[in-house]
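Visitor: I have not looked at this structure before. Could you take me through it, one question at a time?

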Amino acid sequence: MDLLEYQGKQLLARHGLKVSAGEAARTVEEAAQAAGRIGYPVVVKAQVLIGGRGKAGGVKLAADEAEVREHAGAILGMDIRGHVVRTLWVERASEIASEYYAAVLLDRSAKLPLVMFSSEGGVEVEQVAESHPERLVREHVDPLVGLSREQAARIAAAGGAAADVVEDVAEALLALYEVWTQEDATLAEINPLIVTPERAVRALDAKVSLDGNALYRHPENQALADRENEDEIERRAAEEGVQYVKLDGDIGILGNGAGLVMSTLDVVAQAGGSPANFLDAGGGSDAKKISQAVELILANPAVKAVLFNIFGGITRGDEVARGLIAAFRHIKPSVPFVVRLDGTNDVEGRRLLAEAELPNVHTARTMNEAAEAVVALAAGGGVGAAA
Ligand code: GDP
Ligand code: MN
């Protein structure tokens, strides 16, 4: 779960990182009011879940109310690489002497937390990593020991922090590490971490991702879920208790059991297709659940064909067939379906489907057969193997 910049900064502030005073605003009027309370100059910032806002014109300094209104008007509604700006963050503008980069993340291959720091912040960290890898310090932390003040100071100095702020940068790294561990974050990044002309160290931007599976341990963070920027179908799925993840392709997928769905994605890819989603209907899917799932899958306009891969164990094939029939009765989908039914009550399920004479529904007995059929259908072709 990714947080907007200002939500991330509020989280950082709770752990002692210094940030600028600011307020969120959703209209030009609110932005002007907020700026009046904060005091000029301010910076008006687009709140979207994507970086590079500065370059895209989504971060603007404003010296007075007229400028706030001008920038707020221009940024609200702006499309930053597919993300439409609905919220602004207005904060007291900072004077910047230096821009650093700091991050704590999970290094999955090393299975350890990784602290990264560079005195070349502001720009994209990938650039620094490429042109001057020696200027980006990367150090793992022993999770049992945690990040010590000594290690934090060593990282700060090695990454090129000015000598007079090494201690404060180390302090910021410790706070960032605390955010990462205590809030169950998978990423806590500050770019830029600035040094002001008065030599204060402050976070000017924040990119925080929280582990959605650990959210139950942080009821206070649940409200941060940005419903508005979240994928609409994923939000509906979460409300209905369905495991759904949107993907980039055009073949809708439904299976029962996460393992089966994962292998279905693989088999479809192997057959040359591209899955539009992951959807695990879970065990014991009844007609209502299947019907809901079909609606979710078809809510994605990219879907050109759908593959149902059901292996009946607890889930009974006849129940799935009834669900599918019920769903088709009120959705009347225009795209073809391929249903592979195997396991408990599969014969009964296939018989029900055949009797219902649903237009555009094909059945298949094996997973490979089903995958090939659905890929052909999505490409606009006919079905070979399936009948
Ligand atoms: P990003 O482009 O999405 O990473 O957005 P940032 O929040 O990092 O802002 C982009 C850049 O705008 C920063 O690297 C700063 O150089 C500049 N910037 C942001 N806030 C301020 C501010 O308060 N004062 C000044 N002078 N520059 C700022
Ligand atoms: Mn930034």
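**Ligand 1 and its surroundings**

Guide: In this predicted model, the shell around ligand 1 draws residues both from domain 1 (21-92) and from domain 2 (98-224), so the ligand lies between these domains.

Visitor: Which domains does the domain assignment of the chain give?
Guide: Two of them have just been named, domain 1 (21-92) and domain 2 (98-224), as the domains that give residues to the shell around ligand 1. The assignment also gives a further stretch, so that the list reads domain 1 (21-92), domain 2 (98-224) and domain 3 (232-386).

Visitor: What distance separates the centres of domain 2 and domain 3?
Guide: The two domains cover residues 98-224 and 232-386 of the chain. With their centres taken over C-alpha atoms, the separation between domain 2 and domain 3 is 43 Å.

Visitor: Which residue places a polar side-chain atom 3.1 Å from an oxygen atom of ligand 1?
Guide: Backbone atoms approach the ligand too, since a polar backbone atom of G52 is 3.3 Å from one of its oxygen atoms, and a backbone N or O atom of N191 lies 3.1 Å from an oxygen atom of ligand 1. The contact made through a polar side-chain atom, at 3.1 Å, belongs to D205.

Visitor: How much of the area that ligand 1 exposes when taken alone does the protein bury?
Guide: The shell around the ligand has seven nonpolar, five polar and four charged residues. Ligand 1 taken alone exposes 560 Å², and of that area the protein buries 80%.

Conventions:
Residues are numbered from 1 along each chain as its sequence is written. Chains are lettered from A and ligands numbered from 1 in the order in which they are written. This is a predicted model: local features need pLDDT of at least 70, side-chain atom pairs count only at pLDDT 80 or more; totals for chains, interfaces and linings use all residues. Side-chain values use heavy atoms; hydrogens and water are left out. Domain bounds come from an automatic or database domain assignment. A polar contact is a pair of N or O atoms within 3.5 Å; within protein, one must be able to donate a hydrogen and the other to accept it, and residues adjacent in sequence count only if both atoms are side-chain atoms. Accessible areas come from the Shrake-Rupley method with a 1.4 Å probe; for residues, only the protein chains shown count as cover. Ala, Val, Leu, Ile, Met, Phe, Trp, Tyr, Cys and Pro count as nonpolar, Asp, Glu, Lys and Arg as charged, and the others, Gly among them, as polar.
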